[in-house]
Amino acid sequence: MKAQYWISSLVVILIVFISLSSCKSGGGDKIKVGEFASLTGKEATFGTSAHEGTLLAIEQVNLSGGVLGKQLELLTEDDQTKAGEPANAVNKLISKDGVIAILGEVASSRSLEAAPICQQSQIPMISPASTNPTVTQEGNYIFRVCFNDDFQGGALANFASGTLKAKKVAILTDVKSDYSKGLAKSFKAKYSNNGGNIGTELDFNGGDKDFKGQLTAIKSDNPDAIFLPGYYNDVALICIQAKQLGMNIPIFGGDGWESESLLTIGKDAMEGHYFSTHCSIEQPTPEMTAFVAAYQKRFEGKTPDAMAVLGYDSAMVLVDAIKRAKTTESVALRDAIAATKNFAGASGNINLNADRDAVKALVFIQIKNEKFTYNTTVNP
Amino acid sequence: MNFRGAKRWLLLGIALAILASYFSPQFNRYYLGVVIDVGIAIILATSLNLINGHTGQFSLGHAGFMAIGGYFSAWISLSVGESIQAFWYFPLSLCAGGVLAAAVGWLVGVPSLRLRGDYLAIVTLGFGEIIRVIAQNTEAVGAASGLKGIPKLTTLGWAFGFAVITVYAIATLVNSTYGRAFIAVHDDEIAAASHGVNTTRTKVVAFVTGAFFAGIAGGLYAHHKQFLSPTGFDWVKSIDIVVMVILGGMGRTGGVIAAAILLTLMPEFLREFSEYRMIIYSLLIILLMLLRPEGLFSFKTQRRSKS
Amino acid sequence: MSLPLLDLKNVTIKFGGLTAVSDLSISIGEGELVGLIGPNGAGKTTAFNMITGVYQPTSGEISFAGKNTLGVKPNQLAGLGIARTFQNIRLFRSMSVLDNVRVAARLHNHEGFFSSLWRGKRWRSAEVETEKNVMELLDIFNLGDQRDELATSMPYGDQRRLEIVRALATRPKILLLDEPAAGMNPSEKEDLMRLIRFVKERYQLSVLLVEHDMKVVMGICERIAVLEYGIKIAEGNPKEIQSHPKVIEAYLGAAAI
Amino acid sequence: MDWFLQQAINGLGLGAIYALIALGYTMVYGVLRFINFAHSDVLMLGAFTALYVAPQIEKVAGAESPVGCVMVFVVAAAVCACIGMLIERLAYRPLRNRPKLAVLITAIGVSLLIEYTAQNEKVFGSAPQPFPKLLSDYEINLGNLVVSSNDILTVGVTIVLLVAMWWIVQKTRVGTAMRAVSYNQQAAALMGVPVDKIISFTFGLGSALAAIAGVLYAMKAPGIEPLMGVQPGLRAFVAAVLGGIGNLPGAVLGGFLLGLLETFAGGIPGLSNYRDAIAFGILILILLLKPAGLLGRSTIEKV
């Protein structure tokens, strides 16, 4: 019996040897682009949106004849919103499928898991919407087509003390989310600097459905506004319950709010609240109009959100860089991406700075009559 | 009687692991990554098998101990600087993680192992979750953002070396006069106690040993993925390990190893089916359990006395 | 008479409102073979469970070899020399015959966690020694040939015998047998009686026997105590017990008098 | 003081939901002695059933009418009762006499299957969907306190259902049979109790409770998605164990206790971030002091 245990492990090791040695190399008549996204699991909506944007971009490029005379092939892996999965997905895309670049993820924590792999394999990675500042610090192959939370947090703080004229702001963060915590941190730094007063600071767990405990405590502290860096599904419920508790102060947050669901779930409870985001689909630029039209045509009338726009832009920035580099060789491609200047993306003009972050304008949106209405633009 | 046999296999296994490690730079990174995942899964499943299978104490908190080992050894790696280059550094830091996990395992085990069955299951699940929440709130290990920039120290050799050691340790332990107590506690606690087995201590030893190896697995995981996020250690992760143990047949080392391999590879094989893969995965679990309720790899064999 | 080996003084146990054993005093000397009889539910097994530390008496005192055993854990009592069998056989169901006995023999194998992992020379010789002792015991009771069989797959009578062997492997001073004759036919009972006598002589043990079967009890016990509703109603040698009016009443009902 | 009372009201509203889910866990556990991991997914299915039937019922009964609301509850409960019985029939019954752990793994498998199937874009999709208003809700202001009509409804329904369940288990023939099956399946079968039917009935009842809890939960937090059951399911499971699993009033007590604790913890800075751990911390503490839960009876093992 015991011999069997050991023989079986021996067999395993042998199989490992055999399977590992047979390694497939890329090439062929298509340019393979890898994408990893959370298509299932808790944050599947973000992943799905970004994926649809990316897919649309790749299809458009292919329809117009591809790049460098070749068609693009998008290989998508689902990471199930689960820690540990992105590493396998990205490893597979790079080592097994031989992709030339990686697009993804929306959530910073999963981008952070994939980034070292891309960096070590020298495969450029472009994140559509990971705003945590540390993501692109992983190395010179990691890029993003959105602003980071230091910028967003600062803008939100100025908004609170400027537009809202709030003297005291309560903060409610999602303890499970690095995004929420990170954004709250940069907000706090700037807001205190502006002379603002931080009121009650409380946490919730993303996915909770009852927030009255926190809201009641905030209510008794009497702040002028509530800063709520979180994701739309929690945000909508929090706003509903705040309304139920008779709280009439403005609530504001970051780009995690942006989703149609915020309105369909939150309904009238969202009235008057604000959030900052990457772009507004009402932006009157030709790129945005064209994108929205194409997206609605491709996905049966679905209204795109910021994640879809950024997913689209991430793919387009990559395609642009391939065109400029005239090759898919990794070093040249990396340099070309890094040199992206004044790229007219759907979300706005994209300039990548030395930290490989996009320097972009941020827009504030207010919810009025159950609609996202453009409020102001903050330029970097 | 040939007691030397087991140790010889251990040495052979370690030799193979070293050999594999020598060739690993030439391997495809993806396959290599998956195979290291398999090695880690084997450690987790066999160590949980000691608690759940051999000793019969249903624990649902294994991911918590994995988290402790992972975070601690990663934290050491990020603090010591230069010396991580030394060959001896890595096994030492893994063991440090394992020892801390074992210590916590002791703290958890002593009071809670008085409970039985479902109560024990929920309490261990609770401890696992508490560990996760603490990690989520501890700035020193990155809190919610997770711990990043962990050096890549886990190689095929280390993963399989430790897998071999874990399997050896647990297999030899339960096949010794000392370790037969684990199985006695599993079979009949009162009969065991009446024949001189200190049941409480036996359970705690099983729990602590399991936690130790889970801690090692956590360290390997940390230096393999290079990034730790608290959400990766929630109770769903514990359930994954439990599924391996039960599917392999509780208390059957060979079966549990096979199940660990199978369940780690299955989602990879199913990648082709993208959005349907987890549906197929869960269907397979149900079907396997319905068709082979005693465990996938259990045949009508009995536990023979080894000598 | 020298100091008794096992001494119960005014032992009472209550479960909730129910008094299972009340004010029981009984003592067993070295080398004695004592029977404990009584109708179903009289508290015999409960008395056993108190002696072996599974239950704690509500009041009263139990001492073994001059040592108070209240609050001592079952496994420690096994170490002190109290061994038992169970009314409804409790063998280790996933273990072989040999392993079942080897669990009990752990008490005399002092190898610990790390030496069992390292499997050094000392460990090996201890392991050889344990197995030798266990095999000797099994051979004496004609179970040696079945050493690798799953214990619970053996015939009923063999399982009963294996329980006794397992108890003996702890090298007890006193052996507590809980209805060993249950479910046996007359010739098996004869064998069992011989076996008990043999065990007692060979290993110099005291034996406390709980039994239903009068023939067995009367046949081998030197002294018998009778329990009814948790109360000891009689104690004496087999002859005295057979003619004790209270015993007759308990067993045959009041009408028989 | 206002703050304290307001939190108590919030806590009761949340606790009632936990209590209702825990009631379902405990019912199934009481009869089968196993944890039905798929319970929280049945809850989700209940909410989705309501989502799909509500517009239909609205056409008949009118918008936000009490009659329509009751009809939605009944339909959701009935559909989920069928689903529950189906799950039991297909996945659990074949394993009835097998090791309990095999059933546990199957239950986990069923739970994963439902979750992943529901997340598929062709089924419900993973995006949260707005849940329609079944009843017009309003807030009652008592001085500085705010009580939501939804919370009152939830607490009321929970108490009524607890009494109903207690009555079924203690006072009816079916209940007697359930208790018999719980006590000893073989013996019950020998006494002529139709064990399969009773277990099926229990599953149906438990699943109906889950569905009702799901609809109430959806009314409280009107964004429903396939994983909505996971978190309250886990909390309710803790609540059931806290109260002594298998014990009906215990489950309700545990649920309310947990709801109150979480609400109070949520409002305290420095503690709100440990909210996930608090439920478990209390559970561990209580189990160490009372190993069978608050109202559970500890059993003496027969030797």
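This report describes selected features of a predicted model, moving from the domains of chain A to a pocket, two helices, two buried residues and some backbone details.

**Domains of chain A and a pocket**

Chain A is divided into domain 1, which takes in residues 10–147 + 284–360, and domain 2, which covers residues 150–277. The C-alpha centres of domain 1 and domain 2 of chain A lie 30 Å apart, and contact between them involves 14 residues of domain 1 of chain A and 12 residues of domain 2 of chain A.

Both domains also take part in the second largest pocket, whose lining draws at least three residues from each of domain 1 and domain 2 of chain A. The second largest pocket has a volume of about 660 Å³. Of the 30 residues that line the second largest pocket, those closest to its centre are A:K181, A:G182, A:K185, B:E139 and B:A143. Two or more lining residues come from each of helix 5 (149–161), strand 6 (168–174), helix 6 (178–193) and strand 7 (197–204) of chain A, and helix 6 of chain A gives the most to this lining, with 6 residues. By character, the lining of the second largest pocket divides into 8 nonpolar, 13 polar and 9 charged residues.

**Two helices that are mostly buried**

The table sets out a helix of chain A and a helix of chain B.

| Helix | Residues | Expected span | Distance between end C-alpha atoms | Buried residues |
|---|---|---|---|---|
| Helix 2 of chain A | 44–63 | 28 Å | 28 Å | 16 of 20 |
| Helix 9 of chain B | 199–225 | 39 Å | 38 Å | 24 of 27 |

For helix 2 of chain A, a rise of 1.5 Å a residue over 20 residues gives an expected span that agrees with the distance between its end C-alpha atoms. The same reasoning holds for the 27 residues of helix 9 of chain B, where the expected span and the end-to-end distance likewise agree. Because 24 of its 27 residues are buried, helix 9 of chain B is largely enclosed by the rest of the structure. Helix 2 of chain A is followed by A:G65, whose phi is positive, near 100°, while just after helix 9 of chain B, B:Q226 takes a positive phi of about 65°.

**Two buried residues**

B:F58 lies in the loop between helix 2 (29–54) and helix 3 (62–80) of chain B, and it counts as buried because its relative accessibility is 11%. Leaving aside neighbours within four places in sequence, B:F58 is in contact with residues including B:L120, B:V242, B:I246, D:L101 and D:L104.

D:D151 belongs to helix 5 (residues 149–171) of chain D, and its relative accessibility of 5% means that D:D151 counts as buried. Not counting residues up to four places away in sequence, D:D151 touches A:K212, D:G13 and D:K220.

**Backbone details in loops of chain A**

Most residues other than glycine have a negative phi, and most peptide bonds are trans. A cis peptide bond, with omega about -15°, joins A:G104 and A:E105, and A:E105 lies in the loop between strand 3 (101–103) and helix 4 (108–121) of chain A.

A:K267, although it is not a glycine, has a positive phi of about 50°. A:K267 is placed in the loop between helix 9 (260–266) and strand 10 (274–277) of chain A, and at 35% relative accessibility A:K267 counts as partly exposed. A:N369, also not a glycine, has a positive phi of about 50°, and lies in the loop between strand 14 (362–368) and strand 15 (371–378) of chain A. With a relative accessible area of 66%, A:N369 is exposed.

Definitions and conventions: Residues are numbered from 1 along each chain as its sequence is written. Chains are lettered from A and ligands numbered from 1 in the order in which they are written. This is a predicted model: local features need pLDDT of at least 70, side-chain atom pairs count only at pLDDT 80 or more; totals for chains, interfaces and linings use all residues. Side-chain values use heavy atoms; hydrogens and water are left out. Helices (H or I, at least four residues) and strands (E, at least two) are DSSP runs, numbered from the N terminus. The expected span of a helix is 1.5 Å times one less than its number of residues. Buried means under 20% relative accessible area, exposed over 50%, partly exposed in between (1.4 Å probe, protein chains only). On a 1 Å grid over the protein atoms alone, a cavity is a set of points where a 1.4 Å probe fits but cannot get out, and a pocket is an open set with protein on both sides within 12 Å along at least five of seven lines; lining residues have an atom within 4 Å of a point. Grid points are joined across faces, edges and corners, and a volume is the space filled by probe spheres set on the points. Ala, Val, Leu, Ile, Met, Phe, Trp, Tyr, Cys and Pro count as nonpolar, Asp, Glu, Lys and Arg as charged, and the others, Gly among them, as polar. Domain bounds come from an automatic or database domain assignment. Contact means heavy atoms within 4.5 Å.
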